[in-house]
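Here are a few short exercises to try with the structure open beside you. Have a go at each task before you read its solution.

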Amino acid sequence: MDVVKGKAGLGGVNKKNLGEHKFWATQPVPQLGEGPPLDDGYIEPSRPREAVRQEPYPLPKDFEWSMLDIDDPQQIKEVYDLLSLNYVEDDDASFRFQYSSEFLEWALKPPGYHKEWHVGVRVSSNKKLVAFISGVPMTLRVRGNTFSVSEINYLCVHKKLRSKRLAPVLIKEVTRQVHLKGTFQAIYTAGVVIPTPVSVCRYYHRLLNIPKLVDIKFCFVPRNMTLARMIRINKVSSNYTTVGLREMEERDALQVANLFTRFMKRFDMSPIFNLAEIKHQFLSGIGRGNIGDGGLGRRDGQVTWTYVVEDPGTNRITDFFSFYSLPSTVIGNTKNPVLEAAYLFYYASETAFEKGAEESGLLKKRFESVIGDALIVANEANFDVFNALTLMDNVPILQDLKFGVGDGILNFYLYNWRTAPLAGMNSEGGVSPGKGVGVVML
Ligand SMILES: CC(C)(COP(=O)(O)OP(=O)(O)OC[C@H]1O[C@@H](n2cnc3c(N)ncnc32)[C@H](O)[C@@H]1OP(=O)(O)O)[C@@H](O)C(=O)NCCC(=O)NCCS
């Protein structure tokens with residue numbers, strides 16, 4: 001039932017025995033079975049630029065490195081083509097992520113991005129793009145430490161070039177490029193288990209368009225249930241429950257930034273966004289033209305939806321939520337070739353700062369209202385399913401908002417940084433599930 005199964009590696013799948021990770025055993029990451037560290041900190045020290053390897057790592061013959069220029073529509077299209085045919089699939093090869101060009105442009109060009117961190121591999125003879133890996137800069141707080149990291153994503157090797165140890169070369173080369181810019185830590189996620197996850201989250205799915213989801217076998221009508229009943233149970237209301245809900249605008253950025261900064265301190269790990277980054281994350285992906293131009297409830301090329309709740313009395317922004325569009329190709333289905341999936345992104349609420357709000361259930365109620373409204377917005381924009389992970393404050397509200405448990409798992413990793421496990425799908429060291437992870441990776 002899970003579109004992101006491909007990001008999974010639950011149980012035995014992809015899990016190797018200790019010592020079998022020939023590449024990862026050489027990297028500054030905690031090794032499997034090492035146990036939690038006594039103190040948080042780096043594994044190997046940062047180096048001056050001169051001490052960083054100056055030449056690119058060698059590639060097999062017939063291949064060459066190529067820095068992708070994401071400002072060039074032609075080159076984004078090349079990344080899009082590579083990923084849409086070769087990126088993450090679920091275990092049954094039924095669904096494959098289909099990041100749009102607009103999405104990639106948004107994800108790869110946050111403020112301060114480095115074009116050197118968009119690393120491609122081409123066939124020397126015909127220049128065809130056959131592999132890619134990217135990093136974007138981010139300021140990350142992990143417990144009491146704040147540092148610059150590269151957020152690594154979109155590692156992809158063409159299907160015909162798999163199992164040739166090309167992935168380690170890509171990882172080493174992007175790491176070198178990151179080092180050359182004076183950054184020595186990274187964050188990344190994967191479905192596979194490699195040394196060593198700092199947290200593990202599980203995917204949940206809120207089914208919206210049941211007939212289509214059943215048709216494409218994203219889910220099934222359980223025994224002792226009928227399709228009609230399943231549709232009725234999952235029907236999304238059209239009445240918003242939060243008063244003062246509206247789309248976020250430029251003029252809200254400062255208030256949203258302020259709320260976000262305070263709210264995110266509640267998690268053990270979170271990004272630190274400045275005003276420019278807030279605008280990028282929440283406003284720059286809204287697409288072109290008017291709502292409706294890109295289909296029901298959407299602008300043309302819309303990637304993100306961000307809504308704020310403005311208190312009608314004080315005009316203060318009290319809450320916000322955002323989600324992004326990440327469709328999947330339904331492999332081999334001509335009638336319904338695309339699964340329209342929305343993914344819960346960041347959100348925050350002033351209610352979190354009211355005394356006793358968490359213990360009394362007030363905060364949970366507020367999130368049910370706010371995220372419940374996100375479901376309405378997504379439903380009206382014709383999404384088929386709304387996905388969320390067991391991170392941030394999601395865990396307590398998933399059941400009441402009728403999310404079902406998926407079979408996808410997402411492992412979180414830190415490169416060159418040690419810290420004790422962070423609470424994701426499970427609680428850790430007395431921290432409730434979800435509360436360890438305040439980072440949403442795209
Ligand atoms: C992920 C992918 C690039 C790996 O390439 P590959 O040809 O299968 O594997 P290679 O032979 O080149 O390299 C194997 C090494 O890469 C590591 N590796 C594989 N997938 C990885 C991942 N997602 N992140 C980090 N390392 C990974 C393996 O653990 C192995 O190292 P080890 O021996 O130390 O364990 C490729 O399978 C692919 O493009 N898959 C579809 C897209 C995808 O899943 N991308 C990753 C999203 S997180």
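A residue counts as buried when its relative accessible area is under 20%. Keep in mind that this is a predicted model.

**Exercise 1.** Find what share of the residues of the protein chain count as buried.

*Solution.* Start with the total, which is 442 residues. Applying the cut-off to them, 54% count as buried. For the outside, the accessible surface comes to about 19,200 Å², and 52% of that belongs to carbon and sulfur atoms.

**Exercise 2.** Work out whether the radius of gyration of the protein chain agrees with that of a compact globule.

*Solution.* First, a compact globule with 442 residues would have a radius of gyration near 22 Å. Next, the protein chain has 22 Å, so the two agree. You can also look at the C-alpha trace, which spans about 60 × 50 × 45 Å along its principal axes.

**Exercise 3.** Place D407 in the fold and decide whether it is buried, partly exposed or exposed.

*Solution.* Begin with the chain, which has 10 helices and 16 strands. D407 sits in strand β16, covering residues 404–415. Its relative accessible area is 29%, and because partly exposed lies between 20% and 50%, D407 is partly exposed. Finally, compare D407 with D90: they are 317 residues apart in sequence, while their C-alpha atoms are 9.9 Å apart in space.

**Exercise 4.** Decide where to read the model with care.

*Solution.* The average pLDDT is 95, and 96% of the residues score at least 70. Over residues 1–16, however, the pLDDT is below 50. Where pLDDT is low, predicted coordinates should not be read in detail.

How values were computed: Residues numbered from 1 in each chain as written. Predicted model: local features only at pLDDT ≥ 70, side-chain atom pairs only at ≥ 80, totals over all residues. Heavy atoms only, no water. Helix = DSSP H or I, 4+ residues; strand = E, 2+ residues; numbered from the N terminus. Rg over C-alpha atoms; globule rule 2.2 N^0.38 Å. Buried < 20%, exposed > 50% of the residue type's maximum accessible area, 1.4 Å probe, protein only. Areas by Shrake-Rupley, 256 points an atom, 1.4 Å probe, with all protein chains shown as cover. pLDDT = per-residue confidence, 0-100. Contact = heavy atoms within 4.5 Å.
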